[in-house]
Amino acid sequence: MSVQEIYDARHGEKGAYIAGATGDWELIIGMEVHAQISSKAKLFSGSPADYGGEPNEHVSLVDAAMPGMLPVINEFCVAQAVRTGLGLKAQINLRSVFDRKNYFYPDLPQGYQISQFTFPIVGRGEVRVDLPNGDVRIVRIERLHLEQDAGKSLHDQHPSMSYVDLNRSGVALMEIVSQPDIRTAEEATLYLEKLRTILRYLGTCDGNMQEGSMRADINVSVRKPGGPLGTRCEIKNVNSMRFIRQAIEYEARRQIEIIEEGGAVRQETRLYDQVKGETRSMRSKEESHDYRYFPDPDLLPLELTQNWVDEIASSLPELPDAKKTRFMSEYGLSAYDAGILVAERETAQFFEQVAKGRDAKIAANWVITNLYGALNEAGLSIENSPVTAASLGRLLDLLADQTLSSRLAKDVFEIMFATGGDPEAIVAERGLKQVTDTGAIDAAIDAVMAANPDKAAEVKAGKDKLLGWFVGQVMKSTGGKANPQMLNDALRQKFGL
Ligand code: MN
C-alpha cells in the first residue's frame, strides 16, 4: 500500500466528509499556484521586477509590447524554475517550449501571454503535507511552467476612467499545478503553506501573499464517497490562507445544494467575494483550445543540458522535510516541535545556533514558547529579534549552571527582549542571581519560622500542606531568588520531613 492509499483508507472514515441532506459528500480539491520568481529582472526584459514603484515606472518597450520588440529569455529565471522543480522532487524537462496563450485584457498589451503549454519546463513531482493528526498527505505535482504576469487595471483612481499600470507586465511566474489530491479546506491551506516554505528555502519566491507574490486558483468539486468525479469550478486568485479556507467551504456547500436539489454544477470560473464571504460566477470556463495556443515564433525551444541541471541540484539547501527528520533524530525533538522549527529556514538556523553544545530540547522549548511568544506579541519576525541566538544561548548557560532558576531566567529573558541587553550584564546590574548559598537560604527560613511560630508548629505536627506557604514566604523575602530545589530541601530538613 502506498502512503496515499493508506491515507485514503483512513479518510474513508466519516470525519473528512461533508454531511448533506442525501448523505455524505467528499470534497476534491486541486490547486494552481502562481508564484512570482525572485529575480532582479523580468522574464523576457531587463526591467526591474520589484514590487511597488510609481505606476509604469518599470516598463520597457518589450513589456509595453511595442511592435517589433523581441523577448530575450532571462537565464536566471530559468534556473529558478529548475531549482524549484528539483525542490519539488520533480522531473526536469531538458527541452521545453514557450507558447502564446491568446486573450484580450486591457492590461495585457501583447494580446497574448507567453506561457508553456504542451512542453512545460518541469513535469511530475510531489509535496509532502504533514497533517495535525500525524498523517501524511502526498500531493502530487502535475507540472510547473514558466509564464509572464500581466499588468494591472486600476478602476478606483478616476470617476469615469480606468488606468493601466504595466509594472507587473512581464514579471516571471511559475505556475505550479497539483493533482486533485487535496480533500479538505484545511489540507488546502497546509499544502499552500508547505509549498511556500519550500519556495522560501529555495529562495525562488518570497511567498508574500499580501503583495501577490503567491496567488492560488482553487479547483473544487464534490462527489459521493468513492464515486465518479463531479464537475469542478475554479475559484480565481485567492490570496490569503483564511479566504482560501472560506472560499472552499462556501463553494463545496453551494455545489452540494445544487446537486441535492436536482440541478447540475456548471463548469465555470468563480470569484471569491471577501466582503460577502461567497463565490460568484465570473465567466463560463474556457477550454484550452479557446486560447489558440501556438509556439511563440519569437522564442526558440528552451534546451537545457543535464550538467547545468546537476549544478543547480548540487547547490540546493537542506529542505524542510529532510531538516525535520534530522531535527528529530539528531536533537531528539518531537515531530510537532521539529515541524514548527523548520517552517522557516531562519528559525531553524536560529534554533541550531542556540542548541549547539546545549540541551537541544530545552533550547527548542525556549525558542518555541518564550521567543515565539514574545515575537508574536511584538509583531516581529525572527530576523528582527532583539534577542540574538548567541545571547539566548548564554541565558540557557546561566540556567544550566544554576545561576538562574527557570523563573528568574524568564524575567531576564523579558528584559533582554525589551532592551536587547546581555544576560550576564542584566543579572549583574539587577542582582538577579539566584541564591544558592545554603547559609543564606537557612537564615531566610529561620526568619520566617521565627515570625510565624504557630504555623511552624503546625507543619511539625504533620500538616505538611503548609509547606507551600513557607516556600512562598521565603521566596518573597529573597525577592524570588532562592533556588527552588535547595529551598525545598532545606525546608524539609528543618521540619524533619
Ligand atoms: Mn497561469
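Start with a cluster of charges: Glu251, Arg254, Arg266, Glu268 and Arg270 are linked in a network of salt bridges. This is a predicted model, and the chain in it has 497 residues, of which 48% count as buried. Also worth a look are a manganese ion held by His34, Glu147 and Glu175, and a chain that is split into three stretches by its domain assignment: 3-312, 318-430 and 438-495.

**The charge network and its pair at 268 and 270**

- Two members of the network, arginine 270 and glutamate 268, form a salt bridge whose closest N and O atoms are 2.4 Å apart.
- Is arginine 270 buried or exposed? Arginine 270 counts as buried, because its relative accessibility is 6%, and buried means under 20%.
- Glutamate 268 is buried too, with a relative accessible area of 4%.
- As a general point, side chains of opposite charge can pair when their charged atoms come close.

**Other salt bridges to look up**

- The structure holds 32 salt bridges in total.
- One of them joins arginine 124 to glutamate 142, with 3.5 Å between the closest N and O atoms. Arginine 124 sits in the loop between β5 (112-115) and β6 (125-130), while glutamate 142 belongs to strand β7, so this pair ties together parts that are 18 residues apart in sequence.
- On the surface scale, arginine 124 counts as exposed at 54% relative accessibility, and glutamate 142 counts as partly exposed at 28%.
- Another salt bridge runs between glutamate 352 and arginine 326, and here the closest N and O atoms are 2.8 Å apart. It's a link between two helices: glutamate 352 is in α8 (residues 345-355) and arginine 326 is in α6 (residues 320-331), so parts 26 residues apart in sequence are tied together.
- Arginine 326 is partly exposed, with a relative accessible area of 22%.

**The manganese site**

- Which protein atoms hold the manganese ion? The donors are NE2 of His34 plus OE atoms of Glu147 and Glu175, and they lie 2.0 to 2.2 Å from the ion.
- If you're scanning the sequence for these donors, the spacing to look for is H-x112-E-x27-E. Histidine 34 is part of strand β2 (residues 23-36) and glutamate 147 is part of strand β7 (residues 136-148), so the pair ties together parts that are 113 residues apart in sequence.
- Histidine 34 and glutamate 147 are both buried.
- Strand β7 comes up twice in this briefing, since it holds glutamate 147 as well as glutamate 142.

**Overall layout**

- The chain has 16 helices and 16 strands. Its radius of gyration is 30 Å, well over the 23 Å that the globule rule gives for 497 residues, so the chain is more spread out than a compact globule.
- Along its principal axes, the C-alpha trace spans about 95 × 55 × 55 Å.
- Domain 1 covers 3-312, domain 2 covers 318-430 and domain 3 covers 438-495.
- How far apart are the C-alpha centres of domain 1 and domain 3? Those two centres lie 66 Å apart.

**The loop between β2 and α2**

- Methionine 69 lies in the loop between β2 and α2 (75-87), and at 33% relative accessibility it counts as partly exposed.
- Together with Leu61 and Met66, Met69 makes a nonpolar surface patch of about 270 Å².
- Asparagine 56 is in the loop between β2 and α2 as well. Asparagine 56 is partly exposed, with a relative accessible area of 38%.

**Backbone spots worth a glance**

- In general, most residues other than glycine have a negative phi.
- Asparagine 56 goes the other way, with a positive phi of about 60° although it is not a glycine.
- Asparagine 237 also has a positive phi, about 50°. You'll find asparagine 237 in strand β12 (residues 233-238), where it is partly exposed with a relative accessible area of 43%.

**A contact in space around tyrosine 250**

- Tyrosine 250 is found in helix α4 (residues 241-260), and it is partly exposed, with a relative accessible area of 29%.
- Tyrosine 250 and threonine 279 are 29 residues apart in sequence, while their C-alpha atoms are 7.1 Å apart in space.

Conventions:
Residues are numbered from 1 along each chain as its sequence is written. This is a predicted model: local features need pLDDT of at least 70, side-chain atom pairs count only at pLDDT 80 or more; totals for chains, interfaces and linings use all residues. Side-chain values use heavy atoms; hydrogens and water are left out. Domain bounds come from an automatic or database domain assignment. Donors are N, O and S atoms within 2.8 Å of the metal (3.2 Å for Na, K and Ca); water is not among the atoms, so sites may look incomplete. Helices (H or I, at least four residues) and strands (E, at least two) are DSSP runs, numbered from the N terminus. Buried means under 20% relative accessible area, exposed over 50%, partly exposed in between (1.4 Å probe, protein chains only). Patches are made of residues with over 30% relative accessible area and no salt bridge: like charges are joined within 9 Å, nonpolar side chains (Val, Leu, Ile, Met, Phe, Trp, Tyr) within 5 Å. Accessible areas come from the Shrake-Rupley method with a 1.4 Å probe; for residues, only the protein chains shown count as cover. A salt bridge is a side-chain nitrogen of Lys or Arg within 4 Å of a carboxyl oxygen of Asp or Glu. The radius of gyration is taken over C-alpha atoms; the globule rule is 2.2 Å times the number of residues to the power 0.38.
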